[in-house]
Amino acid sequence: MATAELVLGLLSSGPAHGYDVKRGHDAWFPDSRPLAFGQVYTTLGRLERDGLVEVVDKTSGGGPDRTVYALTSKGRDHLADWLTDPVPPAWGSADEVLRKLVAAIRTGGDAAGFLARQRASHLRRIRELRETPADDDPTSPLVREYIVAHLDADLRWLDSALDRISEQRGAHQ
Amino acid sequence: MSGQPVLELESVEYSYRRNTALRGVSLELKPGEVVAVTGASGCGKSTLLHCAAGILAPDAGVVRVDGQDLSALPEERRAALRRTKVGIVLQFGQLVPDLPLIDNVALPLLLDGHERGEAHVAARHWLEQVGIADDADAVPSELSGGQTQRAALARALVTGPSVVLADEPTGSLDSRAGQELLDVLLQAARYRGAALLMVTHDNVVASSADREIRLRDGLIQHEVSLR
Ligand SMILES: Nc1ncnc2c1ncn2[C@@H]1O[C@H](COP(=O)(O)OP(=O)(O)OP(=O)(O)O)[C@@H](O)[C@H]1O
Ligand SMILES: [Mg+2]
């Protein structure tokens with residue numbers, strides 16, 4: 001899952017407590033399941049171990065929620081890469097596409113560029129599926145049509161997202 | 001020679017009386033290349049295709065087919081170039097109403113001075129390719145939207161054009177019939193090494209292209225490679 005990258009995104013505007021990260025996440029994704037505290041702290045711990053975040057302040061005597069975390073430059077690079085790369089088109093990939101898009105917009109990333117690359121990635125996958133030679137497994141055309149129909153639905157959404165983002169950008173100029 | 005673009009648009013602008021439809025669009029198609037033009041309704045896709053086809057003359061900018069600037073040619077030569085080098089499938093009906101399909105499809109060859117028997121052989125071949133050989137003697141008013149679209153495609157391909165321009169070529173077909181017709185179009189283009197520019201709302205159609213050019217409000221919003 002993309003929780004680690006989202007946490008990096010939430011820290012991109014400045015150092016924060018785990019509690020702020022949780023609240024930020026729930027504000028970015030009000031319609032999804034709230035992020036559990038436990039998950040925030042294990043994620044921050046893992047990111048710290050990997051050198052993507054660092055502890056910049058620790059109030060003595062406080063629990064883990066008194067610790068202030070900040071992005072390292074390695075963490076910032078990792079986040080930028082994540083926001084650039086399209087999601088490999090697979091079942092259930094749409095959720096992750098949405099997470100990246102929201103994170104890109106919230107952190108001032110190139111959301112339109114990401115959407116264009118994601119469109120290309122989905123379109124390539126449809127072509128691959130169409131060009132896969134038929135075999136005699138009776139379930140394979142069903143599966144293939146299912147995947148194409150879902151990629152198509154994602155693409156329609158990507159398309160309207162592109163228009164919406166450009167409209168908003170136009171309105172803000 | 002084969003590296004030269006067969007279709008070039010350079011900073012093309014076009015306005016209808018009250019609407020600006022294209023605000024400076026440039027693109028190039030090499031032989032054998034397949035390009036999908038996408039974008040929201042009203043963004044200028046059909047206008048772009050009509051300018052590329054020489055049906056509309058741009059207010060500014062240049063359109064070249066096989067290296068020839070369309071606006072520099074006298075009308076008669078422009079019409080001949082369009083007939084022989086460019087195959088066009090329009091979004092809305094373009095068949096001659098009371099003419100049987102076989103003659104509708106043969107028409108570009110007849111206008112180009114080909115002998116009638118020879119033109120009919122070619123027309124029949126393309127009617128077969130698009131799957132409506134049985135309707136050769138029907139007139140357009142007797143056809144469904146999908147059959148009309150197949151006939152329009154046969155007519156666009158009959159001259160062996162080096163550029164095929166297609167506006168929503170599968171628009172009135174269900175997805176299976178649409179994919180069959182798309183395959184005919186792609187094969188015809190690939191077999192002949194023709195460049196193909198397709199305007200489409202259909203993601204399956206767009207997915208078969210080498211490149212996607214997305215328009216927004218009369219400008220290219222992005223261009224991505226799909227290879
Ligand atoms: N004959 C016309 N007279 C006046 N305005 C026109 C004419 N044809 C198109 N337009 C306008 O020019 C703009 C571009 O139209 P165009 O037909 O090129 O769009 P499109 O991208 O092909 O749309 P669609 O996906 O609906 O076919 C639109 O704003 C449209 O209203
Ligand atoms: Mg149109």
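# A tour from the chain interface inwards

Between chain B and chain A the count is four salt bridges. The model you have open is predicted, and this interface is where the tour starts.

**Stop 1: chains A and B together.** Select both chains and look at where they meet: 22 residues of chain B are in contact with 18 residues of chain A, and the area buried between the two chains is about 1,700 Å², with carbon and sulfur atoms giving 42% of it. Next, pick B:Asp183 and A:Arg130, whose side chains meet in a salt bridge with an N to O distance of 2.8 Å. Then select A:Arg119, A:Asp159, A:Asp163, B:Glu212 and B:Arg214, which are linked in a network of salt bridges. Side chains of opposite charge can pair when their charged atoms come close. A search of the whole structure, over all chains, finds 20 salt bridges.

**Stop 2: chain A alone.** Hide chain B and show chain A as a cartoon, in which seven helices and three strands can be traced, following the pattern α-β-α-α-β-β-α-α-α-α along the sequence. The C-alpha trace of chain A spans about 65 × 45 × 30 Å along its principal axes, and of the 173 residues in this chain, 45% are buried. Among the contacts in chain A with a separation of 6 or more, 56% are between residues 24 or more positions apart.

**Stop 3: the two domains of chain A.** Colour residues 3–84 as domain 1 and residues 96–172 as domain 2; the centres of these domains of chain A, taken over C-alpha atoms, are separated by 28 Å. Which three residues of domain 1 supply 60% of the area that it buries against domain 2 of chain A? Before picking them out, note that nine residues of domain 1 of chain A are in contact with 11 residues of domain 2 of chain A, and that the two domains bury about 950 Å² between them, 69% of it on carbon and sulfur atoms. The three residues to select are A:Trp28, A:Trp82 and A:Leu83, which supply more of the area buried by domain 1 than any other three residues. Across this interface of domain 1 and domain 2 of chain A, the rule finds zero salt bridges.

**Stop 4: a nonpolar patch.** Switch to a surface view and select A:Trp91, A:Leu142, A:Val143 and A:Tyr146, which form a nonpolar patch on the surface with about 460 Å² of accessible area together. A:Tyr146 lies in helix α7 of chain A, residues 140–172, and counts as partly exposed because its relative accessibility is 42%.

**Stop 5: salt bridges within each chain.** Select A:Arg125 and A:Glu128, whose side chains meet in a salt bridge at 2.7 Å, N to O. A:Arg125 and A:Glu128 are separated by about one helical turn, because they are three residues apart in helix α6 of chain A, residues 111–131. A:Arg125 is partly exposed at a relative accessible area of 25%, and A:Glu128 also counts as partly exposed, at 45% relative accessibility. Move next to A:Asp50 and A:Arg49, whose side chains meet in a salt bridge at 3.1 Å, N to O; here A:Asp50 counts as partly exposed at 33% relative accessibility, whereas A:Arg49 is exposed, with a relative accessible area of 62%.

Finally, bring chain B back and select B:Arg78 and B:Glu75, where the side chains meet in a salt bridge at 2.8 Å, N to O. B:Arg78 and B:Glu75 both lie in helix α2 of chain B, residues 75–85, three residues or about one turn of the helix apart, and B:Glu75 counts as partly exposed at 45% relative accessibility.

Note on methods: Residues numbered from 1 in each chain as written. Chains lettered and ligands numbered in written order. Predicted model: local features only at pLDDT ≥ 70, side-chain atom pairs only at ≥ 80, totals over all residues. Heavy atoms only, no water. Patch = residues over 30% accessible without salt bridge, like charges linked within 9 Å, V, L, I, M, F, W, Y side chains within 5 Å. Areas by Shrake-Rupley, 256 points an atom, 1.4 Å probe, with all protein chains shown as cover. Helix = DSSP H or I, 4+ residues; strand = E, 2+ residues; numbered from the N terminus. Buried < 20%, exposed > 50% of the residue type's maximum accessible area, 1.4 Å probe, protein only. Domains from an automatic or database assignment. Contact = heavy atoms within 4.5 Å. Buried area = accessible area lost by both parts, 1.4 Å probe.
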